[in-house]
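User: I'm new to this structure and would like a close look at a single part of it, the open sheet. Could you walk me through it and what packs around it?

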Amino acid sequence: MRRPSPRTLRGQLTAGLVTLLALACLAVGITTALALRGFLISRLDEQLAASDGRFAASLEHEAERDADNRSDTRGQAEYTFGARLLNGVVTQAAVVDDTSDRPLALTAGDRRTLAGVPVDADAHSIHLSVSPGRYRVMAVRGDDRDILITGLPLHPVEETVHRLVAVEAVLFGAALVATGVAGAVWVRVSLRPLRLVTARAAEVAGLPLASGEIAMPGPLPDTDPRTEVGQVGRAVNHMLGHVEDALVRRQAGEERLRHFAADASHELRTPVANIRGHAELALRHDGVVPSEVRHALERIAVESRRMTRLVDDLLLLARLDAGRPLEHEAVDLTLLILDATDDARAAGPGHHWFLDLPEEPVTVVGDAHRLQQAIGNLLANARTHTPPGTDVTITLTSDRAEVRVDVSDDGPGIPEELQPEIFGRFVRADHARSRSTGSTGLGLAIVHAVITAHGGSVTVRSAPGHTTFRLTLPA
Ligand SMILES: Nc1ncnc2c1ncn2[C@@H]1O[C@H](COP(=O)(O)OP(=O)(O)OP(=O)(O)O)[C@@H](O)[C@H]1O
Ligand SMILES: [Mg+2]
């Protein structure tokens, strides 16, 4: 199983669970150890009180010792300690050893410790250098102004407490490990619906919602409203529903708009062509025509020509938007560029046209007519939006993956704020001037639509004195 990193919710919950349990175990461990120790020591103290200094008192009566120099150790537990003090000086000290007593060789420190035990018939803990070290002692006053100290070893108490602590440590350690593993699994299982929500949200975030027909993923399963995760899932499902609804409406709206544009431009074609035909026919009239009428007819002919172009451009854009399939033929791009440059040279003799073509002819698969139109639009721009005398260079490069056509000029360039939207429809730098020059702002939109329909891309880099449009097409 993958170890959850503490940054994830899963990791944090597991770590929190284990930490809480560890704290609880620590509290229980400390409390039980202290309680057990207190209980055992109180038992020891009762024993001490019950012994009433008998063993210590027996030390006093040397005469009562038997042949083996043993005092009265009957009924005394092993390691019971006894000492007798006279005027604050230890006169006798012994410890019960194997049911006999053994006189003790006390150090000066031990003697000081014993002399310091308060004579209050209460138990006190002391530390002696002789084995087993720590004692619980009680001092009582004897019959002849002496002090009798009886002690019981603390080590059984400590051993019991240590054993309890060791057992608890093992038990709690095992419980922590088990909780860690089981908790990680449990948290993982509980958060599974959340992972689904995350995955679904990421899936939707990755969709190109801005345009086109979108296939939305289906609703999330298992959305139990009683759980928080289920509520999130329900909310996400609702949101997905709304988004889908909005997308469908938007798609339908776009579709209607496209149809309208296509229908309108298609319908306009015939009347515009008729107007233009009639104007040209009238101009060819042999009789005397007043000059104002001739001028008006000429304007009608010019404007209707312009309108024809506009309507054709709109129709083409509407068709490209609708995803009308393009021709799929081998197009000799080198030849196409040569022709387009010839046309541009003829239309703009004041400009300097330069060609940079590779030795080998470059071909791509696509719609020759549309590609010619795209490149023609770029050349027309380089001609109409720059002053005469401008150098225009067309460069064709290709490698295994792609073919690039660069159209560069050293004209005034495109204003920087216009560059991000330059491929939009009806985008022009100078609206006032463009009316008189007859530019509509559809040229680059068509370039973009044509090249995108070919699976390529078009970019612009422009600064005063240097403008480059680059078409990139898959080879
Ligand atoms: N080479 C260029 N140098 C400077 N400005 C340019 C250049 N190419 C395009 N532009 C600017 O970009 C605008 C949009 O160009 P686009 O070709 O889309 O429209 P248009 O040339 O104005 O009209 P249309 O091509 O439809 O007749 C132009 O109006 C012009 O301001
Ligand atoms: Mg143009």
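Analyst: Let's start at one end of the sheet, where 7 bridges join β12 to β13 and the two strands run antiparallel. Two strands count as paired if DSSP finds at least two bridges between them. Helices (H or I, at least four residues) and strands (E, at least two) are DSSP runs, numbered from the N terminus. One of the pairs here is R461 with its bridge partner T468 in β13. The hairpin of β12 and β13 has 2 residues between the strands, and in it G465 takes a positive phi near 95 degrees.

A quick word on what you're seeing: this is a predicted model, where local features need pLDDT of at least 70 and side-chain atom pairs count only at pLDDT 80 or more, while totals for chains, interfaces and linings use all residues. Residues are numbered from 1 along each chain as its sequence is written, chains are lettered from A and ligands numbered from 1 in the order in which they are written, and side-chain values use heavy atoms, with hydrogens and water left out.

Now follow the side chains along β12. V458, V460 and S462 point to one face and are buried, while S457, T459, R461 and A463 point to the other and are not. Buried means under 20% relative accessible area, exposed over 50%, and partly exposed in between (1.4 Å probe, protein chains only). That fits a general pattern: in a regular strand the side chains alternate between the two faces of the sheet.

Stepping back, 5 strands make up this open sheet, in the order β8-β10-β11-β13-β12, with mixed pairing. β8 (352–356) and β12 (457–463) are at the edges with a single partner strand each, so one side of each has no neighbour in the sheet. From one strand to the next, the twist averages 15 degrees.

Over at the β8 edge, 5 bridges join that strand to β10 (residues 391–398), and these two run parallel. L355 has I394 in β10 as its bridge partner. Helix α8 (residues 333–347) packs on the sheet, touching β8, β10, β11 (402–409) and β13 (466–474), and its direction makes about 175 degrees with that of β8. Contact here means heavy atoms within 4.5 Å. Axes are lines fitted to C-alpha atoms, for helices over the stretch in contact, and angles run from 0 to 180 degrees between N-to-C directions. L335 lies in α8 and is partly exposed, with a relative accessible area of 48%.

Back towards β12, have a look at helix α11 (residues 443–453), whose buried residues are L444, A445, I446, V447, A449, V450 and I451. The cover over them includes α7 (291–321), α9, β12 and β13. After α11 comes G455, with a positive phi near 80 degrees. N381 sits in α9 (residues 368–384) and is buried, at a relative accessible area of 18%. Leaving out residues up to four places away in sequence, N381 touches T386 and L444, and L444 is one of the buried residues of α11.

Finally, some context for the sheet. The protein chain has 11 helices and 13 strands, and its C-alpha atoms fill a box of roughly 170 × 50 × 40 Å along the principal axes. L335 gives you a feel for the distances: its C-alpha atom is 91 Å from that of V167, 168 residues apart along the chain.
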